[in-house]
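Ready for some practice with helices? Take a look at the sequence and the model below, then work through the exercises at your own pace.

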Amino acid sequence: MNYEINLVDLDKDALKANLITYLKGTDVGKQYDLDTDGTAIKMLVDLFSYNSLIWMHYLHFVNKESFISTAQRSDSVSKLL
């Protein structure tokens with residue numbers, strides 16, 4: 001079985017599709033209807049993909065502001081000096 005999840009997609013729909021593909025490959029995921037919109041498990045997958053997307057954007061911003069060569073905010077630059 002393949003237990004890898006691609007969580008680096010910056011597209012919410014692609015991330016959601018990756019999570020559904022992963023769940024379909026597990027024994028637990030086979031018990032649920034992942035193809036029908038409106039099911040509770042599908043709504044949880046949608047929520048998780050949205051949350052992951054927000055975290056990826058936040059971490060990208062934090063990483064960018066952590067280095068003097070890529071920081072754009074003046075308070076970030078002053079803290080780095």
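Here are three exercises with worked solutions.

This is a predicted model, in which local features need pLDDT of at least 70, side-chain atom pairs count only at pLDDT 80 or more, and totals for chains, interfaces and linings use all residues. Residues are numbered from 1 along each chain as its sequence is written, and side-chain values use heavy atoms, leaving out hydrogens and water.

**Exercise 1.** Work out how α1 and α2 are oriented to each other.

Solution. Start with the angle: α1 (residues 12-24) and α2 (residues 40-65) pack at about 130°, with axes 9 Å apart. Next, apply the cut-offs: under 35 degrees is roughly parallel, over 145 roughly antiparallel, 65 to 115 roughly perpendicular, and the rest oblique. The two helices, α1 and α2, are therefore oblique. Finally, their crossing is right-handed.

**Exercise 2.** Check whether the span of α2 agrees with the expected 38 Å.

Solution. First, recall the rule: 1.5 Å times one less than the number of residues. For the 26 residues of α2 this should give 38 Å. Then compare: the end C-alpha atoms of α2 are 38 Å apart, which agrees.

**Exercise 3.** Decide whether Ser52 is buried or exposed.

Solution. Begin by locating Ser52, which is found in helix α2. Its relative accessibility is 13%. Buried means under 20% relative accessible area, exposed over 50% and partly exposed in between (1.4 Å probe, protein chains only), so Ser52 counts as buried. Other buried residues of α2 include Val45, Leu53 and Met56. Helices α1 and α3 (74-80) are among what covers the buried residues of α2.

Key. Axes are lines fitted to C-alpha atoms, for helices over the stretch in contact, and angles run from 0 to 180 degrees between N-to-C directions. Helices (H or I, at least four residues) and strands (E, at least two) are DSSP runs, numbered from the N terminus. A crossing is left-handed if the near helix is turned anticlockwise from the far one by less than a right angle, and right-handed if clockwise. Contact means heavy atoms within 4.5 Å.
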